[in-house]
Amino acid sequence: MINELLDGNFKFVIEEFLPHEEYYQSIANQQSPKILWIGCSDSRVSENVITGMKPGTLFVHRNVANIVAFNDGNISSILEYAIKHLKIEDIIVCGHTRCGGIAAIEDGVKENYIADWLCIASGAKEITDKIAKEKNLCREEKLELLTEENVKLQIKHLKNLAIIKNSLEKGPLPRIHGWLYRVETGKIEVLIDGRE
């Protein structure tokens, strides 16, 4: 597998980098993305691939189940850098169907760190449990709903962070969006449109 990665890089240099060297040299000195992507670490969800974007266009934070944690120095520093230095205009929280993290939220998990991390999404599970019971949802429908509710909850967490509150008090940016990527179709659904 390591050889495949190195062969892939060679192919990238020949087929993509060199034919577009002027572009890659322009981003070599400084990045200026306008979008912060908060997504899941799942290997099937590559933000540049599924949106058709080139390197240099998205500033990215990924973790299990696309969670925005209040006590996470990593996401806090990413948000601060994105807002203060990169002047990003949009933040996208993107969940995806058939997410192992979402299934673990539903089923429970015994591993210590994973369980502690996923409890940050417990509010989404509470809402989903109530709706699923009322609508008699099957497991697949419930997991999809939990994925959507988790995106909404993480946006709520995001909007409660001081750096976002302070930014939004000064103006309309950053706009905050909630998306759902369907791994089975390749399509993105807009759950929350920050442009409205």
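Which residues have the most contacts inside the largest nonpolar core?

**Entry one, the cores.** I was working with a predicted model, and I looked up the nonpolar residues first. The largest nonpolar core has 20 residues, and I noted Leu36, Ile38, Leu79, Ile88, Ile91, Leu158 and Ile164 as those with the most contacts inside it. I then looked up where this core comes from, and found that strand 1 (35-40), helix 4 (73-85), strand 3 (90-96), helix 8 (139-160) and helix 9 (162-170) each supply at least two of its residues. Helix 4 gives the largest share, five residues. I picked out Leu79 and, leaving aside its neighbours within four places in sequence, I listed its contacts as Leu36, Ile91, Leu158, Leu161, Ile163 and Ile164. Apart from this core I found another, of 14 residues, including Ala65, Ile67, Cys99 and Leu143.

**Entry two, the charged pairs.** I counted 16 salt bridges in the model. In one of them the side chains of Asp42 and Arg44 meet, at 2.7 Å from N to O; Asp42 is buried because its relative accessibility of 15% is under 20%, whereas Arg44, at 42%, is partly exposed. I also looked up Lys142, which forms a salt bridge with Asp129, with 2.7 Å between the closest N and O atoms. This pair links distant parts of the chain, since Lys142 lies in helix 8 and Asp129 in helix 7 (residues 122-135), 13 residues apart. Lys142 counts as buried at 15%, while Asp129 is partly exposed at 28%.

**Entry three, a network.** Glu184 and Arg182 form a salt bridge, their closest N and O atoms being 3.3 Å apart. I noted that salt bridges with shared partners join Arg98, Glu144, Arg182, Glu184 and Glu189 into one network.

How values were computed: Residues are numbered from 1 along each chain as its sequence is written. This is a predicted model: local features need pLDDT of at least 70, side-chain atom pairs count only at pLDDT 80 or more; totals for chains, interfaces and linings use all residues. Side-chain values use heavy atoms; hydrogens and water are left out. A nonpolar core is a set of buried Ala, Val, Leu, Ile, Met, Phe, Trp, Tyr and Cys residues joined through side-chain atoms within 4.5 Å. Buried means under 20% relative accessible area, exposed over 50%, partly exposed in between (1.4 Å probe, protein chains only). Helices (H or I, at least four residues) and strands (E, at least two) are DSSP runs, numbered from the N terminus. Contact means heavy atoms within 4.5 Å. A salt bridge is a side-chain nitrogen of Lys or Arg within 4 Å of a carboxyl oxygen of Asp or Glu.
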